Structures are given as structure tokens and as C-alpha cells.
Amino acid sequence: MTATTTPSAKHTALLVIGAGPGGYAAAFRAADLGKSVTLVDRRATLGGVCLNVGCIPSKALLHAAQSVADASDASAFGVSFGKPSVDLDALRDWKDGVITRLTQGLAGLARRRKVDVLQGEAAFMSDREVTVSGPDGVHRVTFDDAIIATGSVPVTLPFLPKDPRIIDSTGALAIARVPDHLVILGGGVIGLEMAQVYQALGSRITIVEMATQIIPSADAALVKPLADRIGRRYDMRLGTTLKAAQAHKDDLQLFLSGPEGETDIRCDALLVAVGRRPDLSALAIAQAGLSPDRQGFLPVNSRMQTQVPHIYAIGDIADGPMLAHKAAHQGKTAAEAICGLRSHFDPVTIPSVAYTAPEVAWAGLTETEAKAQGIEIDISSFPWAASGRAMSMGDATGVTRLITDRASGRVLGVGITGAHAGELIAEGVLAIEMGADAADLALSVHPHPTLSETLGFAAEAREGTLTDL
């Protein structure tokens, strides 16, 4: 919006641009430490991509999808249900209700901390001032320190035609309709999670992935149980690239290049899930003396300071995995650094989770990374087919893998595939952070029968004390 008069300026000790998991964590922590804080976001609700159009709505839909799958799988142990009937409007309303409750909760936390929230698009005028253009006009805000937490946006492919049937993850989460045949470009976490949702809702799924395995950042052995399962359910096109697409009246035609040569397929919708990129486009960062690196990230030090020391950058615009939990920890680090505490962001590991069925979670060094770095490692694993808890749940598809230093036995990496792997990986993260070795895990008494004891069993396999296999 263009102001008719010169906007008046307000001053804040700390300006936080972006109200996602990193931004609101930074704003709230700084307010708790006594700073006056202004929090700016283009959305009318707090929470950023994660809460509004990312992590939270996708997990809500995945829960619904898993309920459909559980009802079908129950017949294996003698419990039968009728064919599920999905009310898209009710499902959408439930998902939106989850988001609303959480965003309202954040708004309440901001009010109680006296954080001033402005809706609008921020743009730097200098390294000490921004303008915020929003529904109620233009505001000038001067600041002592600033934290940029504007997150990321989906990568787009310029050669694709503009057509409402070609969507990104935000469009997929809107569940406006359920296509008969959905092609998903990208076999990473986002693409696979959306595949699970839409298959449960009735779509036929084709995955097109340019790498030779799904979730390329994880070890092949860890991904295998998931790959085997979805390979029976989806049309998998690995090692395949999309060269072009044409929009027709009744469908989309996609031209592929892969192991079978040049082929084409027709579909009702295409979900593009090939990654995300830092979102700095509207900030005019050059006005503040900032410049991104070749990958589009803002370089920062361990206190999250950019090359302009009183401006900090966190989350998806700082190099590293684009994960909400990384952003939240970095936000607290930046806030504490600004408030004079000796805080640094220096984790040994940041865990990753694919909330698929089965889930895939990993932390620390992967086997692939260890080999590339020439590190001598041992790999011990425990198959969930030998887990009493997994078998009694009717889902023994899974594995727990432990990567340890060959000489010392120190835990360098952990990978878990199976039900609730995203919850179970936390013990592995703690072990890596604390410098534990395999014996520490093996000698820790795990409750039985549980899925968590598979980590202890994997450690016992490394120590030569395993009796359950």
C-alpha cells in the first residue's frame, strides 16, 4: 500500500522480521530478557510457513491419512471396518481448526509479553530502519538490533506452464480437490508426505525423482523399508527428470527422461516438490549492507550475526537444513546474544524426520558421509521384525541403525525407520550431543516391550552382547 503522507517512525530495541518458529522464538525470548520487541510478518497470523502452510497442517492431514490406512490394515488381525468415507470439507475444517488454535495461542503469548506485532512487508531503508507496508498503511521502524527470519519459499521451475493444476506444497495442503492421478515431482520428505495424504484420499500416485533413491540425503539402507512399501503402492520413476510439460483441456502431459529413455505420461495434477530456497526477495537487504552467498543464504557466525553485526539471520535464510527446530534454537541464540548472554549455536547434530509410513528419522553422521570423510566406522542394526512391540502393533516394517566410531565406540549417527521414528530419534540426538558410546546405550535399561529398546538392542549388537537376535 502506498502512503499518502510520510509515515511516522517508531523505535524498537529489537526488530524481528518473520514470525515463524525462529522469529517468534527470538521475539519471545528477547522479551523475556527485558527487550522491547517489534515482530513483523506479512501474514495476519503468527507461525510462519511451518504453522500456517507447512509442518502443522501437513501433520494433521498425515494423521487423517494414517487413520484410513490403520482401518484397512486392521483386517490382518481380525478387525474389519467399512470402506472409509472422506468428507473433504470436514477434513479441511478440522485441519484449519488446528492451525487456528495454535496461531491464536501464539497471539496470546505475544500480547502477554507485550511484543508489538505489525502485519506487513518489511523492507530495509538502511541498516537501522525499515518500512513496513501493510493493510493499515506504511510504518517506519528504527531499531538497535534486528533479526531476519523470513523463512523460505518453494523452488519453482520456469519452464512449466501456468496452470491451476500445477501446484506447490501450499496448494497441496489446501486440498481443494482430489485428482484421480497425481504426479509428484520430487521424492524428498515433502513429496512423499503429500503422496501419502493424497493416496489415502483416493489419488493414484506417480513419484518422479531425479536421484536414484527417495530421500537422497538419508542412507539407502535406512530408506529401504519405506522404499519397499511405497514401491508396491506408487508408480516410482527414479533417476528420472521432467523435461517439459503441456497443459491440455482434460489433463497435463509430462515429458520425462529416465532409465527407460524419453517417455511421457498424462495426469490430472502435478505437485512440484523439488526443494525450497531462502526468501529474501522483498527485504531490499542491499540497503542494509547485506548480501547473500551463492546459494542465497545470509552468512552468519555462531551467534547468528551477519556481516552487519547488529543484524542477525536465522532459520531457512541461514545455511543448514531448512527445519523448524533449527530455526527455533537459532532464534533463541540470536535473542540471547543481543541481550548480552554468551550464547552460540553449535549443535553436534540436527535431526531430520520424514513423517511417512513408516517414518524415517536420522541424526548425526550418515554412512555415506562417513565414507566420504574417510572415517572408520562400525554399523550395527536391529531389525524390527525381531521386536515384540513392533510385531504386536502389527507393523514390524522397520530398522534401527547405529553408526559408531570404530576405535572408540562413540555414537556418531543414528537412523530409525518405523512407526514413531520421529519420537524415538530424540534418544539418539542426546547420545550424539553428550558424546555417548555404544556401551552407554547398551547398558541403559530400556523399558520392555517398547520400540525405544531397539536402540539399546542396536548398541548391544555393536558390543557383542545382544541376545534378542
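Student: In what order do the five strands of the open sheet come?
Tutor: Keep in mind that we're looking at a predicted model. The pairing in this open sheet is antiparallel. Strands in a sheet pair through backbone hydrogen bonds, either parallel or antiparallel. Going across the five strands, the order is 18-19-22-21-20.

Student: Which strands are the edge strands there?
Tutor: Look for strands that pair on one side only. Those are strand 18, residues 352-354, and strand 20, residues 377-383. So by the DSSP pairing the edges are strand 18 and strand 20.

Student: By how many degrees are neighbouring strands of this sheet turned against each other on average?
Tutor: For this one, ignore which direction each strand runs. The average turn between neighbours in the sheet then comes out at 10°.

Student: What is the bridge partner of Gly364 in strand 22?
Tutor: Strand 19 covers residues 359-364 and strand 22 covers residues 411-418. The two run antiparallel and are joined by six bridges. Follow the bridge from Gly364 into strand 22 and you land on Gly413.

Student: At about what angle does helix 13 run to strand 20?
Tutor: Helix 13 is made of residues 453-463. It lies across strand 20, strand 21 (399-405) and strand 22. Its angle to strand 20 is about 135°.

Student: Let's move along the chain. How many residues of strand 10 are buried?
Tutor: Strand 10 takes in residues 204-209, and it's mostly covered. To count as buried, a residue has to be under 20% relative accessible area. Of the six residues in strand 10, the number buried is five.

Student: Which residue in strand 10 does His181 stand opposite?
Tutor: Strand 9, residues 181-185, runs parallel to strand 10, with five bridges joining them. The chain gets from strand 9 to strand 10 through helix 6 (residues 189-201), in a right-handed β-α-β crossover. Across from His181 in strand 10 you'll find Arg204.

Student: And which residue in strand 11 does Thr206 stand opposite?
Tutor: Four bridges join strand 10 to strand 11 (residues 235-238), and these two run parallel. Helix 7, residues 220-231, sits with strand 10 and strand 11 in a right-handed β-α-β unit. The residue opposite Thr206 is Asp235.

Student: Last one: is Thr38 buried or exposed?
Tutor: Thr38 has its place in strand 2, residues 37-41. Leaving out residues up to four places away in sequence, Thr38 touches several others, including Lys10, Leu14, Val16 and Asp116. Its relative accessible area is 1%, and the cut-off is under 20%. So Thr38 counts as buried.

Definitions and conventions
Residues numbered from 1 in each chain as written. Predicted model: local features only at pLDDT ≥ 70, side-chain atom pairs only at ≥ 80, totals over all residues. Heavy atoms only, no water. Axes fitted to C-alpha atoms, helices over the stretch in contact; angles between N-to-C directions. Contact = heavy atoms within 4.5 Å. Buried < 20%, exposed > 50% of the residue type's maximum accessible area, 1.4 Å probe, protein only. Right-handed = clockwise from strand over helix to strand, strands pointing away.
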